[in-house]
Amino acid sequence: MLFVLATNSVHTSERLCDYLGDRLAPGDAVHAVNAHPGGDATSSEDAREGENALETVAAELGSVDGVSVETHQFIRGNQPADEVLAYADEVGADEFVIGIRKRSPTGKALFGSVAQDILLGSNLPLRVVPREQV
């Protein structure tokens, strides 16, 4: 299985790795992806947080026997969800693993989210992991 894990923070990476760690088998691959729109919409702090999120995945899942881990950060002027969806298609992903945060119905209607855009734009199976413990 080739999993594309979309992450944007160390906390999200930790939760996704906790979920995925016990489900990986020898021969599986994890491609962790972080994407930002670039330009004025992306600060150096955003990029640094993204790198830290990816380093967390590499550290936590890189030691799982027989599992390969790749990390990629994209800051190319495209929408983050579009980058993640295109990457999953490019590598022939079998499944997405994404984190979501709890939001009010009003918050969901007023503010788009990368996770929501991935949910709506993907034909792949998705594993949605709450970022908060429930």
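Q: Two strands count as paired if DSSP finds at least two bridges between them. With that in mind, how many bridges join E4 and strand E5?
A: E4 and E5 (residues 126-130) pair over 5 bridges, in the parallel sense. Keep in mind that this is a predicted model.

Q: Which residue of E5 stands opposite Phe-96?
A: Leu-126 is the one facing Phe-96.

Q: And what's on the E1 side of E4, parallel or antiparallel?
A: Parallel again: strand E1 (residues 2-6) pairs with E4 over 4 bridges. One residue pair to click on is Leu-5 with its bridge partner in E4, Val-97.

Q: How covered is E4, then, mostly buried or mostly exposed?
A: Mostly covered. E4 spans residues 95-100, and 5 of its 6 residues are buried. Ile-100, which is also found in strand E4, counts as partly exposed because its relative accessibility is 31%.

Q: Let me zoom out. How many helices and strands does the protein have?
A: There are 5 helices and 5 strands. Reading from the N terminus, the order is β-α-β-α-β-α-β-α-α-β.

Q: What share of the residues counts as buried?
A: 41% of the 134 residues.

Q: Back to the strands. What does E1 do with E2?
A: E1 and E2 run parallel, joined by 5 bridges. If you want a spot to look at, Phe-3 stands opposite Val-30 in E2.

Q: How many residues of E2 are buried?
A: 8 of its 8 residues, counting strand E2 as residues 29-36.

Q: What does that look like on each face of E2?
A: In a regular strand, side chains alternate between the two faces of the sheet. For E2, one side carries Ala-29, His-31, Val-33 and Ala-35, the other carries Val-30, Ala-32, Asn-34 and His-36, and both faces are covered.

Q: Stay on Val-30 for a second. Why does Val-30 count as buried?
A: Val-30 has a relative accessible area of 0%, so it counts as buried, the cut-off being under 20%. As for its neighbourhood, Val-30 and Val-4 are 26 residues apart in sequence but 5.9 Å apart in space, C-alpha to C-alpha.

Q: Changing topic: how many salt bridges does the structure hold?
A: The structure holds 2 salt bridges. One is formed by Arg-76 and Glu-83, with the closest N and O atoms 2.6 Å apart. The other is formed by Arg-127 and Glu-95, with the closest N and O atoms 3.3 Å apart.

Q: What does the Arg-127 and Glu-95 pair tie together?
A: Arg-127 lies in strand E5 and Glu-95 in strand E4, so the pair ties together parts that are 32 residues apart in sequence.

Q: Are those two ends buried or exposed? I mean Arg-127 and Glu-95.
A: Arg-127 is partly exposed at 37% relative accessibility, whereas Glu-95 is buried at 8%.

Q: And for the other bridge, is Arg-76 buried or exposed, and what about Glu-83?
A: Arg-76 counts as exposed, at 53% relative accessibility. Glu-83 counts as buried, at 4%.

Q: What about the surface? Which residues make the nonpolar patch?
A: Ile-100, Leu-119, Leu-120 and Val-128 make a nonpolar surface patch of about 340 Å². You met Ile-100 above, at 31% relative accessibility. A patch residue needs over 30% relative accessible area.

Q: And which residues form the negative patch?
A: Glu-14, Asp-18, Asp-22 and Glu-60 form a negative surface patch. Glu-14 sits in helix H1, residues 10-21, and counts as partly exposed because its relative accessibility is 34%.

Q: Last one: where is Ile-118, and why does Ile-118 count as buried?
A: Ile-118 belongs to helix H5, residues 114-121. Its relative accessible area is 1%, so Ile-118 counts as buried.

Q: How far is Ile-118 from Pro-80, in sequence and in space?
A: Ile-118 and Pro-80 are 38 residues apart in sequence and 9.3 Å apart in space, going C-alpha to C-alpha.

Conventions:
Residues numbered from 1 in each chain as written. Predicted model: local features only at pLDDT ≥ 70, side-chain atom pairs only at ≥ 80, totals over all residues. Heavy atoms only, no water. Patch = residues over 30% accessible without salt bridge, like charges linked within 9 Å, V, L, I, M, F, W, Y side chains within 5 Å. Areas by Shrake-Rupley, 256 points an atom, 1.4 Å probe, with all protein chains shown as cover. Salt bridge = Lys/Arg side-chain N within 4 Å of Asp/Glu carboxyl O. Lys, Arg positive; Asp, Glu negative; His and termini not counted. Charge placed at Lys NZ, Arg CZ, Asp CG, Glu CD. Helix = DSSP H or I, 4+ residues; strand = E, 2+ residues; numbered from the N terminus. Buried < 20%, exposed > 50% of the residue type's maximum accessible area, 1.4 Å probe, protein only.
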